[in-house]
Amino acid sequence: MQDNEKLVRDGSAPLIVGLGGTTRAGSSSERALRFALTAAREHGAETLLFGADEINLPMYQPDSGDRTSRAADLVTALRRADGVIIASPGYHGALSGLVKNALDYVEDLRADDRPYLDGRAVGCISTAAGWQAPAATLGQLRAIAHALRGWPTPLGVAINSAQPCFTEEGDPTAQYADQLRTMAHQVVDFARRPALPLAG
């Protein structure tokens, strides 16, 4: 979690938690995630970012109550979240182990009054060279969001990093910027709706 993105909430804006990226500096997935969170803030949300360093966690063990401070911070943030944005690279046609392991920690919310990601919008971003891997990874992220009782946004963003997808300044090119902004706005708009009944 970035120091300049720690916050004290006053309850007036939805909290959108972003998680994802890779340990490679300047990874396309983390840049896309940062852009989406910026778009969410510009649309009136508060945001927290858990990039690759923050989600580089021990392998999730459901039978153990021991959690590192970083794992506890992630679980606490997801518990408070009104919406979530997830970004993963496509590794060999699937999401990365780093991102999948972080998502496994959502199991710690199973006994909450609002279990897992119940009733929350989930925006999904995938990046890889070519179209096959990001498309497959995007489908997997959406399936995981469903399994966690979240609501994947109508628009998910698959980024083909074999094509020009970021400017020299590091921003997404116009096509991807529009998609990321639209997806982020969908997460925020959904988060502002009255709470939905818990899935039963």
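When I call a residue buried, I mean that its relative accessible area is under 20%. The model on the screen is a predicted one.

I'll start with helix H5, residues 174-191. Its buried residues are Tyr176, Ala177, Leu180, Met183, Ala184, Val187, Val188, Phe190 and Ala191. Many of you will want to see the spacing in that list. An α-helix has 3.6 residues a turn, so residues three or four places apart point the same way. The helix has 18 residues, and from its first C-alpha to its last it reaches 26 Å, close to the 26 Å expected at 1.5 Å a residue.

What do the buried residues of H5 pack against? Their partners are helix H1 (28-42) and five strand elements: E1 (15-20), E3 (83-91), E5 (121-128), E6 (151-152) and E7 (157-160).

Take E1 next. Six of its six residues are buried. In a regular strand the side chains alternate between the two faces of the sheet. In E1 both faces are covered, with Leu15, Val17 and Leu19 buried on one side and Ile16, Gly18 and Gly20 buried on the other. E1 also pairs with E2 in the parallel sense, over five bridges. Within E2, phenylalanine 50 stands opposite leucine 19.

After E2 (46-50) comes a loop that runs to helix H2 (69-80), and glutamate 54 sits in that loop. Does glutamate 54 count as buried or exposed? Glutamate 54 is buried, yet it has no salt bridge. The nearest side chain of opposite charge is arginine 34, 6.3 Å away. What the side chain of glutamate 54 does reach is the backbone nitrogen of glycine 51, at 2.8 Å.

Terms used. Residues numbered from 1 in each chain as written. Predicted model: local features only at pLDDT ≥ 70, side-chain atom pairs only at ≥ 80, totals over all residues. Heavy atoms only, no water. Helix = DSSP H or I, 4+ residues; strand = E, 2+ residues; numbered from the N terminus. Buried < 20%, exposed > 50% of the residue type's maximum accessible area, 1.4 Å probe, protein only. Lys, Arg positive; Asp, Glu negative; His and termini not counted. Salt bridge = Lys/Arg side-chain N within 4 Å of Asp/Glu carboxyl O. Polar contact = N/O pair within 3.5 Å; in protein donor to acceptor, adjacent residues only side chain to side chain. Expected span 1.5 Å × (residues − 1). Contact = heavy atoms within 4.5 Å. Pairing = 2+ DSSP bridges.
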